[in-house]
Amino acid sequence: MIEGSLSRRYSKALFELARESGQEESIGNELERFLSTLSESPLGAVLSNPGFGLDSRKKILVEVARSLQLSFATEHFLALLLDRDRLAFVPSIVASYRRLVNEAKGRVEAKVVAAGPLGSTVIERLRDSLRRISGKDVILQEEGDPELLGGLVVEFEGKIYDGSVRTQLEKM
């Protein structure tokens, strides 16, 4: 609970700052690039290791930020998180920031899970249906789950619409 509250607070502060300069999308992309680097390398362990001094960790963070070509605002935001020992919250901050950007741009995220890959026409029809329901542009993420047998499960605006054969069989 504390992590969610802190993440929302940090992401909202960064979002407001980015909005003033019209960089909401680019800073969001930079945060996602940093998160990807943080999770795919030993960088997270190094930056959170108290065995290294704060100045050393900050220098490493600055070098990584520069190599990723992050903006001044993103670099300083990440340095603030490092100073306050909040780098562990980066994944939830990124997710919260993404929601804020989508909300501001009139978009909504949805996830569709199917037994196999869906064709582009099915994806477009589903996206159009969800767009009519929400009145917003829909960013649709597709996943596969061979255990479904058939049908679809759609997660959309905090709700789950389960039209899978597996669920129908379980109900019987």
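**Core packing and aromatic pairs**

In this predicted model, Phe77 is in contact with Tyr10, Leu14, Leu31 and Ile93, once its neighbours within four places in sequence are left aside. Phe77 has a relative accessible area of 8% and is therefore buried, the threshold being under 20%. Phe77 is also among the residues that touch the most other members of the largest nonpolar core, which has 29 residues; the others named in this respect are Phe34, Leu47, Leu78, Leu81, Val90 and Tyr97. Two or more residues are given to this core by each of helix H1 (2–20), helix H2 (24–39), helix H3 (43–47), helix H4 (54–67), helix H5 (72–83) and helix H6 (90–104). A second core, separate from this one, consists of 10 residues and includes Val108, Ile123, Leu126 and Val138. As a general background to such sets, nonpolar side chains in soluble globular proteins tend to be buried together.

Helix H2 was examined for its span and for the placing of its buried residues. With 16 residues at 1.5 Å a residue, H2 should span 22 Å, and the distance of 23 Å between its end C-alpha atoms agrees with this expectation. The buried residues of H2 are Glu24, Ile27, Gly28, Glu30, Leu31, Phe34, Leu35 and Leu38. When H2 is seen down its axis, these buried residues fall within an arc of 160 degrees, so they line one face of the helix. In general, an α-helix has 3.6 residues a turn, so residues three or four places apart point the same way.

Aromatic rings were considered next, and a search of the whole structure finds two aromatic pairs. In one of them, the ring centres of Tyr10 and Phe77 are 6.4 Å apart and the ring planes stand at 70 degrees, so this pair is edge-to-face, a class that requires an angle over 60 degrees. The pair links distant parts of the chain, since Tyr10 belongs to helix H1 and Phe77 to helix H5, 67 residues apart. Tyr10, like Phe77, counts as buried, because its relative accessibility is 11%.

The other pair, formed by Phe15 and Tyr97, is likewise edge-to-face, with 5.9 Å from centre to centre and 75 degrees between the planes. Phe15 lies in helix H1 and Tyr97 in helix H6, so this pair ties together parts of the chain that are 82 residues apart in sequence. Both partners are buried, Phe15 with a relative accessible area of 3% and Tyr97 with one of 2%.

Definitions and conventions. Residues numbered from 1 in each chain as written. Predicted model: local features only at pLDDT ≥ 70, side-chain atom pairs only at ≥ 80, totals over all residues. Heavy atoms only, no water. Core = buried A, V, L, I, M, F, W, Y, C linked by side-chain atoms within 4.5 Å. Buried < 20%, exposed > 50% of the residue type's maximum accessible area, 1.4 Å probe, protein only. Helix = DSSP H or I, 4+ residues; strand = E, 2+ residues; numbered from the N terminus. Contact = heavy atoms within 4.5 Å. Expected span 1.5 Å × (residues − 1). Arc of directions from axis to C-beta. Phe/Tyr/Trp six-rings, centres within 6.5 Å; stacked < 30°, edge-to-face > 60°.
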